[in-house]
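Reader: Hi! I would like a close look at one chain of this model, from its overall build down to a single packing contact. Could you walk me through it?

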Amino acid sequence: MSASSLKGRERDLATPLPTTRRVARWLRSDTLIAILVLTPSIIAVAVFIYAFIFWTIYSSLVLWNDVNPDYTWVGLRNFVRLLQTDRFLIDLHNILIYTVLFLVECIVVGFLLAVFLDQRIKGEAIFRTIFLLPFAVSAIVTGVAWRWLMNPDSGIDLLFRSVGLGFLHSNWFTDPNFGIAAVTIASSWQMSGYVMALYLAALRGIPGELREAAAIDGAGVIALYRYVIIPLLTPVTYTVVVIVGGIALRAFDIISSMTSSGPAFADDTPAFFMFQTTFQSNHFSQGAAIAVVMLILAAILTIPYLINISREVEG
Amino acid sequence: MTRAWSRGGIYLILVAFALFYLMPIYVLTVSGMKPYKDVSIATMWNLPNSLYFGSFVEAWKRVSPNFWNSIQITVPAAVISSLIGSMNGYIFAKWRFRFSNLLFLFVLFGIFLPYQGILIPLVVSLQSIHLYGSIPGLIFVHCVFGIPITALIFRSYFIGIPTELLDASKIDGAGFFGIYRWIMFPIAMPAFAVALLWQFTSIWNDFLLGVVVLSNPNLSPVTVAVNNLAGSYFVEWNVQMAGALLAALPTIVFYLALGRLFMRGLLAGSLKG
């Protein structure tokens, strides 16, 4: 008996409790310091982004429609009311048109300019600088400039008239049917250079051998782009759709400074409606419901992309 | 021959687009340089008759207090969020622990958040910690929402630094902070330049957080002031244009001076850096 207990003690001395020791070493390690330094940022993101999203969702399901918070549960009533509001239906229609047109304009213009700049152009740096310049300017300033450029019978209309194209005269963003389309011209002015820069960087990354191989196979310029280059650029196009599409879905600044939502909400967006409902009319739950719809639209656009990124980071 | 023609065509298109991109800047500049009696919408495109800066002076009178507010908001927020980002990027790149990649994704997803989804809780909680309506409050908010993008910029940069460099200094007895202070911080200057420029531009250009967090117009950033000028029926439109150009000047100057860094920032921002 004593022999066996002695044996046991000997074993204990030889390999003293492995877990305790590992914990003790870990407590003194730099990894713990790293985790401690990271913690405030993680908490800030957890609270200000994730918890706040749930708080917004909760606010959209209660009765808080004046200055004082009222968390009486009303279920989906705010959403039902929203879908019965003409202004919101116009907004959904507008944001769909705005996002699609904005994306198409940015991708077509950005891609073409990148391809042209990739042809060993003299003065490439100057062109590139000019094309990307609007990206450094705020959407507010963009809105102010285009507000006057697109003022009916001024700005662009004057240019058209001076070159004999006066019939192209338009009501621009004051048009009740096409107003929102006019706004996309201003936002594409601001963002298409960014898309050009993304495409240009990707084009520069395509190895020359691929182009040469295609040329040897007898592919003409059109075939080269159609079958080799454009498919290789698909990941960039996908990135552009997610990033520029995300910016389009939350259009607010440019609407505010350019048109203030236009006549009969011709240029209104969910973000602008959300702001006025929440912070000017104090209908917090109603505003939260608009915000939740915006979150859903953003999620539909970004979640497949996020899954892709997760694979890249984890892999 | 056809080749020469097609090259000519390419230059023609490039020049046409260059004019399109410069057109609003031209109109902002010449309108700002015209005295009120000369600004008729019909002569919008004409060059000014004389060198006159009266509209800029008038616009500056209206937006300069907000311009200084923007500097007070943007400079500290860009510096602090870059410092936080450098620490987080250093940890995410070089101090792997269990779930660290998962935590990085948790942070990264914040980039895609439409702020409308958090504005109401943001206002309520800022009020309860007495940061609502103050410039330090807005700086705090910009620092929090800068965490995802700055972590991404610095993580991408630090991942390219060989780990042997860290191992060597660990053998020399350097710890977590020693390695940051003496190795990572000094070599991270290019990443700092990218992060600072990116944060400076996006915070300077911010409108939504500025208008929601700062309800007092005397504290508003310059974007809010320019927006209010544009909506005013009492301010001549050439003064609105001049004010807009003044508000855009700092980011335009930075962009023209540091274009390369700007380019790197936007590539990082697209998750392909």
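Author: Happy to: what follows goes from the whole of chain B to its domains, then to one helix pair, and ends with its partner chain. Please keep in mind that this is a predicted model.

Let us start with the overall build. Chain B contains 12 helices and 0 strands, so its pattern along the sequence is simply α-α-α-α-α-α-α-α-α-α-α-α. Along the principal axes, the C-alpha atoms of chain B fill a box of roughly 75 × 70 × 30 Å. Of the 273 residues in chain B, 48% are buried. If you look at contacts in chain B between residues at least 6 apart in sequence, 78% of them join residues at least 24 apart.

Next come the domains. Chain B splits into domain 1, covering residues 1–52, and domain 2, covering residues 57–269. The centres of these two domains of chain B, taken over C-alpha atoms, are separated by 33 Å. Where they meet, 7 residues of domain 1 of chain B are in contact with 7 residues of domain 2 of chain B. On the domain 1 side, the touching residues divide into 3 nonpolar, 3 polar and 1 charged.

Now for the helix pair. Two packed helices are described by the angle between their axes and the distance between the axes. In chain B, helix α3 (residues 100–108) packs against helix α5 (residues 135–159) at an angle of about 130°, and their axes are 8 Å apart. That angle makes α3(B) oblique to α5(B), because it falls between the 115 degrees that ends the roughly perpendicular range and the 145 above which helices count as roughly antiparallel. From α3(B), the contact is made by Phe104(B), Val107(B) and Leu108(B). Facing them from α5(B) are Ile147(B), Pro148(B), Ala151(B), Leu152(B) and Arg155(B). By class, this contact has 7 nonpolar, no polar and 1 charged residues. Arg155(B) is the charged one, because Arg counts as charged.

Finally, there is the partner chain. Here 78 residues of chain A are in contact with 69 residues of chain B. On the chain A side, helix α3 (residues 30–59) of chain A supplies the largest share, 18 residues. The side of chain A that touches chain B comprises 53 nonpolar, 20 polar and 5 charged residues.

Note on methods
Residues are numbered from 1 along each chain as its sequence is written. Chains are lettered from A and ligands numbered from 1 in the order in which they are written. This is a predicted model: local features need pLDDT of at least 70, side-chain atom pairs count only at pLDDT 80 or more; totals for chains, interfaces and linings use all residues. Domain bounds come from an automatic or database domain assignment. Two residues are in contact if their C-beta atoms, placed from the backbone, lie within 7 Å. Helices (H or I, at least four residues) and strands (E, at least two) are DSSP runs, numbered from the N terminus. A residue is buried if 20 or more other C-beta atoms lie within 10 Å of its own, exposed if 12 or fewer, and partly exposed in between; C-beta atoms are placed from the backbone. Axes are lines fitted to C-alpha atoms, for helices over the stretch in contact, and angles run from 0 to 180 degrees between N-to-C directions. Angles under 35 degrees count as roughly parallel, over 145 as roughly antiparallel, 65 to 115 as roughly perpendicular and the rest as oblique.
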